[in-house]
Amino acid sequence: MEEVKTQVILENTNLITNSFTISNSTSKKKKKKTTSNEKISETVKDESDKDPLIQQINNGKAELKTVEDDEEEEEGEVNGSEEGEICEYKNDNLQRITNEEKRYLDRMHYENYNELRRAAEVHRQVRKYAQKTIKPGMTMIEICESIENGTRTLIEENGLEAGIGFPTGCSLNHCAAHYTPNSGDKTVLQYDDVYSAFTLTFNPVYDKLKEAVKDATNTGIREAGIDVRLCDIGAAIQEVMESYEVEINGKTHQVKPIRNLNGHSIRPYQIHAGKSVPIVKGGDQTKMEEGESFAIETFGSTGKGYVHEDGECSHYAKRHDIGHVPLRVTKAKSLLNSINKHFGTLPFCRRYLDRVGETKYILALKNLVDSGIVESYPPLVDIKGSYTAQFEHTLILRPTCKEVVSRGEDY
């Protein structure tokens, strides 16, 4: 049985540690008009000052709770033994829930499930923290480092045994995926931005956009199951998402699924494990199988519903199927050793290289990409002026039932 290491392979969530309450720059001598950003900042600060989870995380006292620990769970601790949302299969697979053979197979994979549940609990707590603390006026680097430090704290980071499984996704507005700030990025979150990490907004004008994508993701989860064709899931997702409209600045937009973005299967240390879950009709007729794990994620847009690469690259990953490739550049060899040590085949970003002490590595990184050892993943954007949203859950197709491990009170 293949062991699943504890990795937060739940994209777009990695958070926490330093408190970011940006004080208002009002003067006692001259009264200044309060902006939308400042109003949000004041509200979030008041809430965060009272929240025990946020206080524990900011003080570095949040702890993991092991599966064997029988003590009562407290806020700020992680209990990896609790199941996620359990959904029975449909039709011919309904009998699996009581089938003795399938129940035996379930018990055989108990430890693997708990590893995923543990990561999922970190994901939920980080998500909760993010929703309470992220606010307009923060830089994207502040947001990401907060998320990542919190994830490292809660998961009890330990090299490739436990840690962050994917760079913090913080794509904004028309950028749908694969953006995280590189060092020196001065981008500041604004009140009117759509922050596409489980998607976070401050202006209620975008509520229908979020509702459409959330509904589409839940539809994908509901349709997923053993022996279900991937194309059928895509068709159901598209039908639901396109039933929504959103009015922005007096113009009505149909919410469109971004047809060249997909959900995907997940395996240990392989975030995209070979199967894609489309979000439009007409896709792959391959079926889901017992024992597989999937990221069911949907992307909606007010633009064309199609993304292309644009902007400075931040995301990279070593190819999992690459053999030995001779390298002549000494710095490239050294950088590859560092990537193997710290990330293996898990995706990473430039800030993560900075964090492990790598310097002046841009040309060496390009050499690894050009040599086919490392893949680069530039930001994926729709047309400028459009807005994109994304919601995602991770599920396991257990022998007896479908478990949505990342389900929380928020969605």
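Two strands are taken to pair if DSSP finds at least two bridges between them. The exercises below apply to a predicted model.

**Exercise 1. Establish the strand order of the sheet that contains β16, and identify its edge strands.**

Solution.
- Step 1. The sheet is open and has three strands, in the order β17-β16-β18. Their pairing is antiparallel.
- Step 2. β17 (348–349) and β18 (374–377) each pair on one side only, and these are the edge strands.
- Step 3. The pairing criterion can be checked for one pair: strand β16 (residues 315–318) and β17 are joined by two bridges, and the cut-off is at least two.
- Step 4. At the level of residues, His315 has Cys349 of β17 as its bridge partner.

**Exercise 2. Determine how helix α10 is placed on this sheet and which residues of α10 are buried.**

Solution.
- Step 1. Helix α10 covers residues 362–370 and lies across β16, β17 and β18. Relative to β18, the helix runs at about 105°.
- Step 2. The buried residues in α10 include Ala364, Leu365 and Leu368.
- Step 3. Viewed down the axis of α10, the buried residues fall within an arc of 100°, and therefore line one face of the helix. In general, an α-helix has 3.6 residues a turn, so residues three or four places apart point the same way.
- Step 4. Leu363 and Asp370 are exposed on the other side of α10.
- Step 5. The packing partners of the buried residues are β16, β17 and β18, together with α8 (330–342) and α9 (350–355).
- Step 6. Just after α10 comes Gly372, with a positive phi of about 80°.

**Exercise 3. Compare the setting of two non-glycine residues with positive phi, Glu156 and Asn249.**

Solution.
- Step 1. Most residues other than glycine have a negative phi.
- Step 2. The phi of Glu156 is positive, near 55°, and that of Asn249 is positive at about 55°.
- Step 3. Glu156 belongs to the loop between α5 (140–155) and β5 (162–164), while Asn249 belongs to the loop between β9 (245–248) and β10 (251–254).
- Step 4. Glu156 has a relative accessibility of 43% and so counts as partly exposed. Asn249 has a relative accessible area of 75%, and is therefore exposed, the cut-off being over 50%.

**Exercise 4. Decide whether Glu392 is buried or exposed, and describe its surroundings.**

Solution.
- Step 1. An unreviewed UniProt entry lists Glu392 under "binding site".
- Step 2. Glu392 is found in strand β20 (residues 388–397).
- Step 3. The relative accessible area of Glu392 is 6%, so the residue is buried; the cut-off is under 20%.
- Step 4. The side chains of Glu392 and Gln390 are joined by a polar contact of 3.0 Å.

Methods:
Residues are numbered from 1 along each chain as its sequence is written. This is a predicted model: local features need pLDDT of at least 70, side-chain atom pairs count only at pLDDT 80 or more; totals for chains, interfaces and linings use all residues. Side-chain values use heavy atoms; hydrogens and water are left out. UniProt positions are given in the numbering used here, feature names are shortened, and annotations may be inferred rather than shown by experiment. Helices (H or I, at least four residues) and strands (E, at least two) are DSSP runs, numbered from the N terminus. Buried means under 20% relative accessible area, exposed over 50%, partly exposed in between (1.4 Å probe, protein chains only). A polar contact is a pair of N or O atoms within 3.5 Å; within protein, one must be able to donate a hydrogen and the other to accept it, and residues adjacent in sequence count only if both atoms are side-chain atoms. Contact means heavy atoms within 4.5 Å. Axes are lines fitted to C-alpha atoms, for helices over the stretch in contact, and angles run from 0 to 180 degrees between N-to-C directions. The arc is that of the directions from the helix axis to the C-beta atoms.
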